[in-house]
Amino acid sequence: MKHVVLSAVAAALWMGVPGTGFAADPDPQLEKGKALFISDAAPACAVCHTLKDAGAAGTIGPDLDELKADAPRIKKVLQEGMGVMPSFADSLDEASMDAIVAYVVHATGGGK
């Protein structure tokens, strides 16, 4: 019986079953969102916003770690702009905006 249990645990570890202690493959959308946030968007979000996960310490816009905005709010501000923040509707496609939204919500625990 011990052999069966040990074999099952070893197989789970080898196959990367969630919860076994191995990190999952990075989510491509989150990786894209992080890259856009840090440097690939023009202007980059990190220039104005603070976001710990991105190593960003901007002071012009709100601190996103504190704001913890939900996805619809972030998407709306990306599309329409707000205050001194420009709209990104002409410079980013929907997939890029969705990637930034997913990344910021993931990084901040937004909407909770």
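For these notes I take a pocket, on a 1 Å grid over the protein atoms alone, as an open set of points where a 1.4 Å probe fits, with protein on both sides within 12 Å along at least five of seven lines; lining residues have an atom within 4 Å of a point.

**Entry 1. Ground rules.** I am working from a predicted model, in which local features need pLDDT of at least 70 and side-chain atom pairs count only at pLDDT 80 or more, while totals for chains, interfaces and linings use all residues. Residues are numbered from 1 along each chain as its sequence is written, and side-chain values use heavy atoms, with hydrogens and water left out.

**Entry 2. Confidence.** I looked up pLDDT, the predictor's confidence in each residue on a scale from 0 to 100. The protein has a mean of 84, and 79% of its residues reach 70 or more. Residues 1–22 have pLDDT below 50, and this stretch has 4 contacts in the model beyond near neighbours in sequence. I count a contact when heavy atoms lie within 4.5 Å.

**Entry 3. Overall layout.** I noted 5 helices and 2 strands, taken as DSSP runs (helices H or I, at least four residues; strands E, at least two) and numbered from the N terminus. Along the sequence the pattern reads α-α-β-β-α-α-α. I then checked burial, where buried means under 20% relative accessible area, exposed over 50%, and partly exposed in between (1.4 Å probe, protein chains only). Of the 112 residues, 29% count as buried. Among contacts with a separation of 6 or more, 46% come from residues 24 or more positions apart.

**Entry 4. The largest pocket.** I recorded a volume of about 490 Å³ for the largest pocket; grid points are joined across faces, edges and corners, and the volume is the space filled by probe spheres set on the points. Its lining has 23 residues, and those nearest the centre are His-49, Pro-62, Leu-64, Val-77 and Met-85. At least two lining residues come from each of α3 (64–67), α4 and α5. The largest share, 4 residues, belongs to α4.

**Entry 5. The nonpolar core.** I treat a nonpolar core as a set of buried Ala, Val, Leu, Ile, Met, Phe, Trp, Tyr and Cys residues joined through side-chain atoms within 4.5 Å. The largest one holds 21 residues, and Phe-37, Leu-51, Leu-78, Leu-92, Ile-100, Tyr-103 and Val-104 have the most contacts inside it. Helices α2, α4 and α5 are the elements that give two or more residues to this core, and α5 gives the most, with 6 residues. I followed Leu-78 further: setting aside residues up to four places away in sequence, Leu-78 touches Met-85, Ser-87, Phe-88, Ala-89, Met-97, Ile-100 and Val-101.

**Entry 6. Salt bridges.** My criterion is a side-chain nitrogen of Lys or Arg within 4 Å of a carboxyl oxygen of Asp or Glu. The count comes to 3 salt bridges.

I began with Asp-53 and Lys-34, whose closest N and O atoms are 3.6 Å apart. Asp-53 sits in the loop between β1 (50–51) and β2 (56–57) and Lys-34 in helix α2 (residues 28–40), so this pair ties together parts 19 residues apart in sequence. Both ends are partly exposed: Asp-53 has 40% relative accessibility and Lys-34 has 27%.

I turned next to Glu-94 and Lys-75, which form a salt bridge at 2.8 Å, N to O. This pair links Glu-94 in helix α5 (residues 94–108) with Lys-75 in helix α4 (residues 71–80), 19 residues apart. Glu-94 is partly exposed at 43%, whereas Lys-75 is buried at 16%.

Lys-75 also pairs with Asp-98, the closest N and O atoms being 2.5 Å apart. Asp-98 lies in helix α5 and Lys-75 in helix α4, so the bridge ties together parts 23 residues apart in sequence. Asp-98 counts as partly exposed, with 31% relative accessibility. Through shared partners, Lys-75, Glu-94 and Asp-98 form one network of salt bridges.

**Entry 7. Ser-96.** I closed with a residue of helix α5, Ser-96. Ser-96 counts as buried, because its relative accessibility is 8%. Outside its neighbours within four places in sequence, Ser-96 is in contact with Lys-32 and Leu-36. I also noted that the C-alpha atoms of Ser-96 and Gly-33 are separated by 6.9 Å, although these residues stand 63 residues apart along the chain.
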